[in-house]
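Here are a few exercises to work through with the model open beside you. Try each one before reading its solution.

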Amino acid sequence: MEPFNREGGADRTKSRPGSAGDGSSGRVIVIGPYLRTRRGDGDAQTDPSVRDYEARIEEAAGLAGAIDLTVVESIIAPINQIRPATYLGKGKVEEINGLVAGNMVELVVMDCALSPIQQRNLEKAWSTKVLDRTGLILEIFGRRAKTKEGALQVELAHLNYQRSRLVRSWTHLERQRGGFGFMGGPGETQIEADRRLISERITKLEGELKKVQATRRLHRAGRQRVPYRVVALVGYTNAGKSTLFNRLTRADVQAADMLFATLDPTLRALNLPHGGKAMLSDTVGFISNLPTQLVAAFRATLEEVLEADIILHVRDISHEDAEAQERDVEGVLRQLGIDPDADGGQRIIEVWNKIDRFDPEERDNLRNIAARRPPERPCFLVSAATGEGIDALLSAIEDRLAAKRMTLRLSIDASDGAGISWLHRNAEVLNKELQGERFDMTVRVDETKRDIVVSRFAAVPLEA
C-alpha cells in the first residue's frame, strides 16, 4: 500500500502499526477521514490553514492510547466530501471492514464528529463499536476527573452528548411500557422514558454545578480581600503546563507525557522575585476541535482564566505543529470570551516551553525570533524540566503585575482600625512601621483604587 503523499494529496490510504501499551483494554483502529481541498488545476492539496494530516492522526492515536487502548493501525483516509449516511465513501467503508475483521478489532475511532445516524450505520457495516472524536475525549475526561466538580462537569457533557444518540446505543429502546387503569394505550416508549430521565439528570447536574460556581465565587472573593493577583496557565494539552506549574510553585501536581494528564484545576501560591506573591492556576489542556459540550461544562473551572490578571500561554515549541496548536488555544480562549489581542495582548505572556529539546544553534535561532517580536507581545524561552529561563519568566510576571499598580506612601492613625483593615483588604501592604501613635505605610494599589487611597488617606506616590 503506497504511503499518502502529503504534498500532492493523492487519494491513497496510509496505514501504520500502532504500539500496544501494558494494560491495554481493547484493540482499536484509528481512522482520520480528513477533507482535502483542490487547486484550480484539479490537483488535491491540503489546506495550509489546517493541521497536517500526519500530526492529526498521531494526536488521535495518542488520545486512544491515553485510555490504554491498543492502537493496531492508524489510517489516513482523505475524502472529497462528507457522505450523509456513513461519512466515508462506500469503497472506503468496505476496505476498512476487511481491516476490522482481519485484526479482530473491538473499536473503531473516527477522528471527526459523527452524527448519530453515521455512527449507527458504520457500526452496522463493521459489526463493531464506533466512537467519534467527541466521544473519545469525553471518555478520557470521564476517566481522569478526580474531584467532585470535575466528575459533575464530565457527566453533564456526556449526558448532553448521549441524549441525541439514544437510538444508536441502547439495545432495549424498541420495547414499550404498557398502560394501565383508565389510561390504556401503549404508554411512553422506552426511548422517551430514557430521554426524560437523562433530561432530569442534566437539570440536577446543572443545579449542582451552579452551587460549585457559587463556592468558587466565594473563594475568589476571599482571595481578593487578601489582594493576591491571579496568573493562569493555559495551553495545548501536553504542552508542559503542569511541569511548569510544579517548577514555579514547587508543587507536586501530576505531570506526565500524555494527553490530558491533568483535568482538575489547581491553585498554588507563586513567590515573585522581590517578595511579592500571586496565585498560580493550572487548568485543563486545550485541544483542536474541543467538543463544545466540554467548553460549556468546564466553564466553571475555566472561570479562573476569565478572572486572571495574567494568562501564561504555554506552548510546546518543539512540536512540529506548534503554530496550529497556538491557533487552537486562541480559538478556545475566544469561545470563553477572552480576546488574545485585546489591549495589545498585554494580558497574555507566551511561554515557549521544552527548549531543552533543541541543540545550541537551534536555541539561538529561537532567541533571535523571540527578540524580533513586538515589545508588547514578548515571549520567554523556558524549560520546565530543567529550570532554564524560569527566573526571567518570573521577573516578567512581576513586572507585568506591577505595571498597572502604583506604590503610595501614607501615614495613618494607629487607632483607625477600620482604615488599616480596608488597606489590607484592598491594597498590597509592602511596609508598615509604627511611629509613635501612627503607622507609616507603603502600599501598592490598582489604578481603580488609587484615587480612593489618595483622597481618604492623603497618600502620595513613592518617589522612584
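**Exercise 1.** In which helix is the place of K241? Then work out whether K241 has a salt bridge.

*Solution.* Keep in mind that this is a predicted model. Start with the location: K241 sits in helix α8, which covers residues 241-249. Next, look for a partner of opposite charge: the nearest such side chain is D282, 5.1 Å away. A salt bridge needs a side-chain nitrogen of Lys or Arg within 4 Å of a carboxyl oxygen of Asp or Glu, so K241 has none, even though K241 is buried. Finally, check who surrounds this lysine: leaving out residues up to four places away in sequence, K241 touches L233, V234, G235, Y236, D282, T283, V284, G285 and V314.

**Exercise 2.** What is the strand order of the open six-stranded sheet? Follow up by placing G235 and helix α12.

*Solution.* Reading across, the order is β9-β10-β8-β11-β12-β13, and the pairing is mixed. The edges are β9 (266-271) and β13 (379-381), each pairing on one side only. From one strand to the next, the twist averages 25 degrees. Now zoom in on β8 (residues 229-235) and β11 (residues 310-316): they run parallel, joined by five bridges. G235 has V314 in β11 as its bridge partner. As for helix α12 (residues 360-371), it packs on the sheet and touches β12 (348-353) and β13, with its direction at about 165 degrees to that of β13.

**Exercise 3.** How many residues lie between β15 and β16 in their hairpin?

*Solution.* Two, and G436 in the turn has a positive phi of about 65 degrees. The strands, β15 (residues 428-435) and β16 (residues 438-446), run antiparallel with seven bridges. One of the pairs is K432 with M441 in β16.

Terms used: Residues numbered from 1 in each chain as written. Predicted model: local features only at pLDDT ≥ 70, side-chain atom pairs only at ≥ 80, totals over all residues. Heavy atoms only, no water. Helix = DSSP H or I, 4+ residues; strand = E, 2+ residues; numbered from the N terminus. Buried < 20%, exposed > 50% of the residue type's maximum accessible area, 1.4 Å probe, protein only. Lys, Arg positive; Asp, Glu negative; His and termini not counted. Contact = heavy atoms within 4.5 Å. Pairing = 2+ DSSP bridges. Axes fitted to C-alpha atoms, helices over the stretch in contact; angles between N-to-C directions.
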